[in-house]
Amino acid sequence: MAFKPANNIQDLQYFGEFGGVNPSISDSSTYTFLSAKTMFDTFEGNADGCYLYSRHSSPSNLYLGEALAALEGTETANVTASGMGAICPVLLQLCGQGDHIVSSRTIYGGTYAFLKNFTPRMGISTSFVDITKLDLVEAAITENTKVLYCEAVSNPLLEVADIAALSQLAKKHGLKLVVDNTFSPLSIPAGRLGADVIIHSLTKFINGSSDTVGGVICGTQEFIDQLRNVNDGAAMLLGSTMDSMRAASILKNLRTLHIRMKQHSHNAFYLAQAFESLGLKTVYPGLPSHPSHKVFSQMMNAEYGFGGMLTVDVGSLDKANELMELMQERNLGYLAVSLGFYKTLFSAPGSSTSSEIPADEQEAMGLSDGLIRFSVGLDNDIARTFKQMKACMEAVGVLQTAELV
Ligand code: PLP
């Protein structure tokens, strides 16, 4: 039967303690016990339904976690204070001194910096590879490799990982496949395709209102229990816990994710086609010109489209800056990092969200100075938006000077 993530989320019912249509917010950091024995059992992880301390778990966090597990089709999930607060504990739980990670080379700059600069301090090394070349991925695996890491759709280059094929590779070599699915919630069912652990930065599309940071780790009950273990669980001990108030507000926003994703995808597809037809070098997984268009099409939940992210290369950082400033002045979006907002957001990743990646490596992976990353908003009239963007491009001379396809 087809996997219907939005149905799965909607089928979960929660009520508040007075019959409220939203669950009550658990506004407590600690919980009382009627008996000391139950407190001890809870510490040991043996008292189902009891809460101990909110860094460990809280009712509000568990509600949101269940809904996100339903999104990915995993047994359960653990919500965290940010996307990085999900990524770092997962990798530190799975790897220790002497272990090795094979990672996609095009990933969010913060994750790249963590793997390149931080984890070596703990004796964990990483090989960065082109994740779309399975032979290169396999060649990088050593006897110490524990994890295969990638983003389903990569930030910022929008490379697409073939999750089913990577999962087979991971199984063959006894590795865990960890997938960051931040760019493609609902569209790419990473859990269904064989990822062992799926991470989202909730800060982006899932929350969708750019008012909070948050993250989630979706996986098996066994793995999530390990992360929450009071003695050696990385989520528990590193302390990247989400606040209950935030969990409650993100759960409410999650209710509209399916509608928002359809509109983000619709608008991004429209703009991508229109930009490409102007001769601009445009990257969008929904365009047949995208090298992984077929792979995405085979994996996707078609009703949610190819997502809200696209890139355009306007030739130079100066031109990119000029264009973004003018588009902002004309109220077509904001010159801002992050993604998944109702308003279009644009930034030049080479000098912002991917600036942790050294210039020579940016060049090797095709991250050019003039690249603008668009997180396309929920505009009601995208044809009007396009006309106004085109006028901005003409005004700054991008349509004459852009590198033509
Ligand atoms: N993963 C991806 C793909 C991202 O783009 C980001 C942030 O931009 C993160 C993870 C980190 O998320 P957060 O900022 O919520 O820590």
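I looked up N207 first and found it in the loop between β6 (197-201) and β7 (215-219), where strands are DSSP runs of E with at least two residues, numbered from the N terminus. The model I am reading is predicted, so I kept in mind that local features need pLDDT of at least 70 and side-chain atom pairs pLDDT 80 or more, while totals for chains, interfaces and linings use all residues. Residues are numbered from 1 along each chain as its sequence is written, and side-chain values use heavy atoms, with hydrogens and water left out.

I then checked whether N207 is buried or exposed. N207 is buried, at a relative accessible area of 2% (buried is under 20%, exposed over 50%, with a 1.4 Å probe and protein chains only). Its side chain makes a polar contact with the side chain of D211 at 2.7 Å (a pair of N or O atoms within 3.5 Å, one able to donate a hydrogen and the other to accept it). Beyond neighbours within four places in sequence, I noted contacts of N207 with L202, T212, S249, I250, N253 and R260, contact meaning heavy atoms within 4.5 Å.

Turning to the ligand, I found 14 residues around it, of which M84, D180, S201, T203 and K204 come nearest (a heavy atom within 4 Å qualifies a residue). A polar side-chain atom of K204 lies 2.7 Å from a ligand oxygen, and a polar backbone atom of G83 is 2.8 Å from an oxygen of the ligand. The ligand taken alone exposes 390 Å², of which the protein buries 91% (Shrake-Rupley areas, 1.4 Å probe).

Note on methods
Helices (H or I, at least four residues) and strands (E, at least two) are DSSP runs, numbered from the N terminus.
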